[in-house]
Amino acid sequence: MIRSMTGFGKAEKNSGDISVAVEISSVNGRFLDLKMKTPRYLNEFEPEIRKIAQKYTTRGRVSMNVNVERITVSDSSVTIDFDLAKAYLEAAGKLAEDHGIESGVDAKSLLTLPDVIVRGESEFDNELLLPVLKEAIETAFKAHTVMRENEGEAIGADMKSRLATIENVVVDIDARAPEAVSANAERLRSKIEKLLGKENFDENRFTMELSLYADRVDITEEIVRLKSHCNQFSAELTGKKSSGKRLSFLLQEMNREANTIASKSSNADIAQLVVTIKEELEKLREQADNVE
């Protein structure tokens with residue numbers, strides 16, 4: 001199964017007086033890089049949150065935003081951070097004085113600044129909060145996974161189509177390889193005969209040199225390995241859980257074999273077919289970068 005590294009999921013769970021909202025988004029990344037934006041009092045739960053994240057994803061840059069609120073807000077659950085409000089006020093006053101402008105900061109404006117109003121964070125019962133938090137995160141990750149699997153299905157279909165193109169081209173190269181060696185041998189014979197004359201042409205020496213030449217330009221092993229890599233790539237695409245790293249490695253090996261075929265063969269048709277393979281490999285590499 002192919003899973004994209006790009007996805008989004010959200011969930012909201014309520015229990016008693018507690019409401020937990022979670023949003024998760026992710027983009028491509030070589031490793032799992034989880035960034036969490038949570039209230040400070042949830043820091044103690046970070047190991048458990050990371051454990052949940054690792055259950056659902058193994059690669060990518062994942063951003064998680066967690067918001068915890070009380071469903072019923074009482075006067076006692078809302079406080080003001082007066083020290084922070086004073087710091088904002090002093091900063092605004094200094095800015096206005098330095099630049100000769102009016103600060104225009106009033107009480108209403110101060111209350112809208114970040115973290116000035118504190119909504120009873122310390123009053124949450126951790127024993128009640130943790131189960132709701134876990135459920136919300138799990139639900140958000142499940143939605144996130146569904147989106148990644150849907151996108152992965154489209155990626156997989158495209159990759160299978162491109163792989164089929166490569167496999168067909170390899171078969172074509174395999175069929176042309178003997179003809180290319182034979183044609184080169186005839187051209188070589190013709191050039192030597194023109195240079196030396198037919199009466200001075202040494203058939204035995206030519207046969208020996210041709211044998212060495214044929215061995216140097218033989219691409220049988222490269223074709224066999226390229227076909228094997230294609231089979232492994234196909235198996236990875238249809239496996240229970242595909243690995244983007246594994247797919248990228250196989251593409252590197254396929255590209256290596258294609259380059260060797262191009263360097264060994266002087267046949268123009270085979271060279272053009274290799275170009276087609278490399279074009280498809282590049283598009284497959286771009287897709288593999290999206291796979292978890």
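This is a short talk on the sheet, a helix and one aromatic pair in a single protein chain.

Okay, hi everyone. First, this is a predicted model, so local features need pLDDT of at least 70 and side-chain atom pairs count only at pLDDT 80 or more, while totals for chains, interfaces and linings use all residues. Residues are numbered from 1 along each chain as its sequence is written, and side-chain values use heavy atoms, with hydrogens and water left out.

Let's start with the whole chain. It comes to eight helices and six strands; those are DSSP runs numbered from the N terminus, with helices being H or I of at least four residues and strands E of at least two. If you walk along from the N terminus, you get β-β-β-α-β-β-α-α-β-α-α-α-α-α. Of the 292 residues, 35% are buried, where buried means under 20% relative accessible area, exposed is over 50%, and partly exposed is in between, with a 1.4 Å probe and protein chains only.

Now the sheet. In what order do the four strands of the open sheet sit? The order is 1-2-4-3, and the pairing is mixed. Two strands pair here if DSSP finds at least two bridges between them. At the edges are strand 1 (7–15) and strand 3 (32–37), each pairing on one side only. From one strand to the next, the twist averages 15 degrees.

Look at strands 1 and 2 for a second. Strand 2 covers residues 18–27, runs antiparallel to strand 1, and is joined to it by nine bridges. You can find K10 opposite E23 of strand 2 there.

What packs on this sheet? That's helix 1, residues 46–56, which touches strand 3 and strand 4 (60–70). Contact means heavy atoms within 4.5 Å. The helix direction makes about 135 degrees with that of strand 3; axes are lines fitted to C-alpha atoms, for helices over the stretch in contact, and angles run from 0 to 180 degrees between N-to-C directions.

Last stop, the rings. Rings of Phe, Tyr and Trp (its six-membered ring) pair if their centres lie within 6.5 Å; planes under 30 degrees apart are stacked, over 60 edge-to-face, and the rest tilted. By that rule there is one aromatic pair. Y56 and F141 make a stacked pair, 5.5 Å centre to centre with 5 degrees between the planes. Why does it tie together parts 85 residues apart in sequence? Because Y56 lies in helix 1 and F141 in helix 4 (residues 126–196). Y56 counts as buried at 13% relative accessibility, and F141 counts as buried at 0%.
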